[in-house]
There are 2 protein chains.
Amino acid sequence: LSGSEIIALLKDHPARTPEARIVRCMSERGAITAADLARATGLARSTISTALSELRSAKIVIEVAQSMEVRGAGRPTSVFSLNPRAGTCIGLHVGLSSLRLIVADVSHAVLHHDEIGLGLDYTPQAAMRKARTAITDAYRRSGLSPHSLLGIGVAVAGPVAPDGRIQRASIVPNWAGVNIRHVFASAFETAVFADNESNCSALAEMTWGAATDIDDFVYVKIDVGLGGAIVVQRRVVTGAAGAGGEFGHISIDPNGGLCRCGNRGCLELTAGFRTVLERMSHRQKRSVTVEDLVERAFGGDVDCVEAIAGIAEAAGRGLGIIGSILNPGVVVVGGFGATAGPLLFDRLNDSYERHTLLKRAQLAEAQRLRIVPARFTTDGSLMGAVALVLRGLGALQGGG
Amino acid sequence: LSGSEIIALLKDHPARTPEARIVRCMSERGAITAADLARATGLARSTISTALSELRSAKIVIEVAQSMEVRGAGRPTSVFSLNPRAGTCIGLHVGLSSLRLIVADVSHAVLHHDEIGLGLDYTPQAAMRKARTAITDAYRRSGLSPHSLLGIGVAVAGPVAPDGRIQRASIVPNWAGVNIRHVFASAFETAVFADNESNCSALAEMTWGAATDIDDFVYVKIDVGLGGAIVVQRRVVTGAAGAGGEFGHISIDPNGGLCRCGNRGCLELTAGFRTVLERMSHRQKRSVTVEDLVERAFGGDVDCVEAIAGIAEAAGRGLGIIGSILNPGVVVVGGFGATAGPLLFDRLNDSYERHTLLKRAQLAEAQRLRIVPARFTTDGSLMGAVALVLRGLGALQGGG
C-alpha cells in the first residue's frame with residue numbers, strides 16, 4: 001500500500017470529496033465513530049457510509065474496535081481510524097547532543113520512537129546520516145513500507161528562518177547558516193519541513209492538544225531552557241528571521257549574567273532550570289534533571305520547592321512582559337516544568353498578575369488570562385514535527 | 001446627496017461590480033487616473049470608462065484635475081476622486097484632557113479639524129455632548145450634509161477591549177469600564193467604531209502610510225508616552241482585553257520607579273518623553289513640549305540631543321525585547337519623537353542591535369529589521385480612526 005493515495009486525499013484542499021473530508025477529520029481526531037464523523041463533517045450518514053466502504057476497500061481506513069458505549073438500541077458501535085499503513089510521517093528533533101525520532105501514522109499514533117546520541121559539535125551531515133540509518137531501521141523493524149512515508153518534519157532546538165536556514169544561537173556552531181530542509185531533502189526522496197522546536201510544540205497543542213479550539217495563544221516551554229511560540233489566528237508567528245517566540249532571550253537585565261546567546265540578563269537564566277540544575281548537580285556530584293527536581297519537590301524537598309517557585313516567579317515576570325505586548329487570552333505551558341503542577345502554576349499566576357498591565361479584578365471573565373498545562377511534555381516538539389508534515393501537505397491548513 | 005449609496009458600494013465585499021471596485025480603490029488611494037485605476041483593479045479600460053460615467057452621474061465620483069503628466073499623444077489626463085460630498089467619516093481622538101476631531105472624506109482628505117479642551121476628569125457624557133456640538137458645528141461650517149456621514153471612529157488614549165469597553169490605565173478614571181461605542185452610538189445615528197490610539201495609528205500607516213505594502217509590522221509611538229501596535233497578516237492584534245501593543249508598560253525593572261499605571265519600572269518611564277519634559281519644564285519654569293525639545297536638539301542644544309539619545313537607547317532596549325518575542329521585519333516609528341530623525345533613529349538602531357538575539361551580520365538582508373519613520377505624526381490616530389470606519393464598513397477589509 002502506497003502513501004500516494006492518502007497524500008492525494010490530504011492535499012485535496014479545501015476537501016471536496018466525502019473521502020477527503022473523512023481522511024482529514026481522522027488525521028486530526030484519530031479513531032472516530034461514523035456518527036461522530038457525520039457530526040464533524042456535516043455529511044449525511046448515508047454518504048459517510050458509502051465513503052467509509054470505499055476507504056476501507058482501498059485499505060486507507062480500518063475498523064479498529066467496537067465502542068462499548070451504548071447508544072439508542074444498545075448495539076455496539078464500530079470505531080474507524082486511518083490505516084496506520086496508509087501513510088506515515090517522521091518527526092525528528094535535532095537537539096544539543098542527540099537526535100530524537102518518532103514514526104507516526106496519519107492519525108498521530110506513534111508507531112516507533114528512538115533516540116540517537118551524537119555527542120557535542122556534530123555536523124549536519126553526520127546528523128543526516130545517523131537519521132537516515134535510524135529511519136531505515138525503524139521502518140524495517142516495525143514492518144512498515146518505506147513507501148508509506150508522507151514526509152519528514154524536523155524540530156530544531158533554535159531559531160529556524162522561514163526558508164529553513166538555521167540561525168545563530170542554535171544547537172551547535174556547526175549548524176549556523178545551514179539550511180536544514182536542504183540537508184535532509186538531499187538524503188530523502190520526500191517532503192521535508194522544519195521549524196523551531198517550540199513552534200512545533202505549539203502546533204502539536206493546536207492540532208491535538210490543549211489548544212485545539214483556541215485561535216490565539218502563547219506557548220511557553222519551561223524546561224532546562226525557556227522557549228516559546230506565538231499563535232495568531234491559528235498560525236505560528238515565526239518572525240522575519242525565525243526568532244518569534246524566543247522568550248528565553250528576552251533581556252530583562254542588560255547588566256545581568258552572560259547568556260549562552262551572547263547577550264546579558266536573558267530571561268532563561270532565571271526562568272529556565274539550567275542554572276538551578278547546574279548548581280544542584282555540582283553540589284550533589286551527579287547530574288540532576290528537571291524530572292529529579294520535580295519529583296523531589298513533590299516529596300517535600302524545600303530547596304526543590306523553592307527552586308520551582310523562583311523559576312515560576314521569573315517566568316511570571318516574562319509572561320507579564322509578553323502580556324503588555326501581546327495580551328494573550330491563553331498561555332499553554334509545556335516542558336518538564338509543567339509537570340510540577342500547582343508548585344509551578346500557582347506562583348506563575350501570582351507573578352503574572354503582579355507584572356501585567358491589566359489586573360484580573362478589572363477584567364471581564366472572558367478577558368482574563370488562563371494559564372493551562374500543555375498536553376504533551378517531552379514529545380510535544382516531535383508530535384508537532386508530524387503536524388508540520390500533515391499541515392505542510394495541506395491536510396490541516398484549513399483547521400477543519 | 002446621501003451617504004447610503006456609497007455605503008452600499010463600500011459594503012459590497014468582496015467588491016463584485018466595477019463601481020464597487022473603483023470606489024474601494026479610490027478610498028484607499030485618493031485621486032487617480034483611469035489608466036491607474038485599470039492597473040490597480042485589473043478591469044478593462046472600457047469597463048472603467050463606463051463605470052466612471054455611472055459614478056460621475058450619481059455624483060459619487062468627480063473629476064478633480066487634469067494631470068500635467070504627458071502620456072503618449074501628449075494630451076492631459078483626467079484625474080478622478082471620490083466626491084467628498086459622497087461620504088464623510090469622523091475621526092475622534094479621546095485624550096487626557098481634550099478631544100480632537102477630524103472630518104475626512106472617503107478618499108481620506110481632511111475637510112475639517114478641531115480640538116476641544118475638556119480639562120481633567122471629564123465624564124464620558126460630557127465628552128459625548130461636546131463631541132456632538134463640535135460635529136454639528138463642523139458640518140454646518142463646512143457646508144457638508146450630515147446625511148453624508150458614514151460613521152465615527154474613536155481613537156482612545158488607553159486600552160479598549162474588543163467589545164468597545166475602556167479598560168483601566170486609560171485616560172481618566174471616569175472612563176474605566178465604560179463602553180465607548182455605546183456612549184457615542186447613543187448620541188449619533190451612525191456606525192461607531194473604537195480602538196486604542198496606537199492601534200489606530202498602525203491602521204493609518206497600513207492604509208495610507210509607511211506600511212501600505214507590509215503584511216507584518218510593529219508600530220511604536222515615541223512621544224510624551226510610549227505606545228504601540230502589532231500587525232500580523234494585515235490585522236491589528238488587539239489582544240484578549242485590548243492591551244496588545246502596550247509597549248510603554250513593559251516592566252523592565254520591577255524595583256524601578258512607579259508608573260502612572262500602578263506598576264513599577266515601566267518602559268515608558270525611560271523611553272517616553274514625559275520624565276524628561278517634566279524635568280525641563282520644572283527647570284525652565286514653562287511647559288516644554290516634545291516639539292520644543294526636538295527643535296532645540298536640531299539647534300545643537302546638548303541637553304536636548306542627549307535626552308533624545310537616552311530615550312532612543314531605552315526604546316531600543318524595548319525593541320530588543322519585542323524582537324525576541326515577535327521578531328518583526330519592520331518597525332514603524334511614529335509620534336513626535338520620530339521627527340528627531342537621525343538624532344533618534346541612529347541610536348535606536350544601535351541599541352536594538354545590542355539588545356536583540358539575532359545580530360545583523362548573521363542575517364540575510366531580507367531578515368534584518370528595518371526601522372522606518374511613520375508617515376503620520378500628530379494626526380495618525382485620527383486618520384486611523386477614519387480608516388477604522390472604512391474598514392469597519394467593509395471597504396478596506398480585503399486589503400485591495
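Biologist: Where in chain B does Lys59(B) lie?

Modeller: Let's find Lys59(B) together in this predicted model. Lys59(B) sits in the loop of chain B that runs between helix H4 (45-57) and strand E2 (61-71). Its phi is near 60 degrees, a positive value in a residue other than glycine.

Biologist: Is Lys59(B) buried or exposed?

Modeller: Relative accessibility is the number to look at here. For Lys59(B) that number is 52%, so the residue counts as exposed. You can set Gln233(B) beside this case: its phi is near 50 degrees, again a positive value in a residue other than glycine. Gln233(B) also belongs to a loop, the one between strand E10 (226-232) and strand E11 (235-236) of chain B. With 40% relative accessibility, Gln233(B) counts as partly exposed.

Biologist: Now a residue in a strand, please. What does Ser81(A) contact, leaving aside its neighbours within four places in sequence?

Modeller: Start with the place, then look at the surroundings. Ser81(A) is part of strand E3 of chain A, residues 75-82. Its relative accessible area is 7%, so Ser81(A) is buried. Once the neighbours within four places in sequence are set aside, Ser81(A) is in contact with Met26(A), Ala31(A), Ile60(A), Val61(A), Ile62(A) and Val64(A).

Biologist: And for a helix, which residues does Asp292(B) touch, not counting those up to four places away in sequence?

Modeller: Asp292(B) lies in helix H10 of chain B, residues 290-298. Under that same way of counting, not including residues up to four places away in sequence, Asp292(B) touches Arg286(B) and Ser287(B). Try picking out Cys304(B) as well: Asp292(B) and Cys304(B) are 12 residues apart along the chain, and their C-alpha atoms are separated by 9.4 Å. Asp292(B) has 22% relative accessibility, so this residue counts as partly exposed.

Biologist: I see cysteines in the sequence. How many disulfides does the structure hold?

Modeller: Over all chains, the structure holds 0 disulfides. Take Cys25(B), which is in no disulfide: the nearest cysteine sulfur belongs to Cys89(B) and is 17 Å away. Cys25(B) is buried, its relative accessible area being 9%.

Biologist: Why is Cys259(B) in no disulfide?

Modeller: This is where the cut-off helps. The sulfur of Cys266(B), the nearest cysteine sulfur to Cys259(B), is 3.8 Å away, and a disulfide needs two cysteine sulfur atoms within 2.5 Å, so Cys259(B) is in no disulfide. Cys259(B) also counts as buried, at 5% relative accessibility.

Biologist: Let's turn to charged side chains. How many salt bridges are there over all chains?

Modeller: The count comes to 24 salt bridges over all chains. One of them joins the side chains of Arg56(A) and Glu63(A), at 3.2 Å from N to O. Arg56(A) is partly exposed at 38% relative accessibility, and Glu63(A) is partly exposed at 32%. Another is formed by Glu313(A) and Arg347(A), whose closest N and O atoms are 2.9 Å apart. This pair links distant parts of the chain, with Glu313(A) in helix H11 and Arg347(A) in helix H12 of chain A, 34 residues apart.

Biologist: Which residues are joined into one network by salt bridges that share partners?

Modeller: Let me show you a pair before the network. Glu365(A) and Arg368(A) meet through their side chains in a salt bridge, 2.9 Å from N to O. Then come Arg260(A), Glu268(A) and Arg274(A), which are joined into one network by salt bridges that share partners.

Biologist: How do I read the interface, and what area is buried between chain A and chain B?

Modeller: The size of an interface is often given as the accessible area lost when the parts come together. Between chain A and chain B, about 3,800 Å² is buried, and carbon and sulfur atoms give 60% of that area. On the side of chain A, the residues that lose the most area to chain B are Arg168(A), Ile325(A) and Leu357(A), together 19% of what that side buries. In terms of contacts, 50 residues of chain A meet 50 residues of chain B.

Biologist: Which pairs and elements should I look for there?

Modeller: The rule finds 0 salt bridges across the interface of chain A and chain B, while 24 residue pairs are in polar contact. Strand E10 (226-232), helix H11 (302-326) and helix H12 (342-355) of chain A each supply at least two residues of the side that touches chain B. H11(A) gives the most to that side, with 7 residues. The residues of this side of chain A divide into 23 nonpolar, 18 polar and 9 charged.

How values were computed: Residues are numbered from 1 along each chain as its sequence is written. Chains are lettered from A and ligands numbered from 1 in the order in which they are written. This is a predicted model: local features need pLDDT of at least 70, side-chain atom pairs count only at pLDDT 80 or more; totals for chains, interfaces and linings use all residues. Side-chain values use heavy atoms; hydrogens and water are left out. Buried means under 20% relative accessible area, exposed over 50%, partly exposed in between (1.4 Å probe, protein chains only). Contact means heavy atoms within 4.5 Å. Buried area is the accessible area (1.4 Å probe) that two parts lose on being put together, summed over both. A salt bridge is a side-chain nitrogen of Lys or Arg within 4 Å of a carboxyl oxygen of Asp or Glu. A polar contact is a pair of N or O atoms within 3.5 Å; within protein, one must be able to donate a hydrogen and the other to accept it, and residues adjacent in sequence count only if both atoms are side-chain atoms. Ala, Val, Leu, Ile, Met, Phe, Trp, Tyr, Cys and Pro count as nonpolar, Asp, Glu, Lys and Arg as charged, and the others, Gly among them, as polar.
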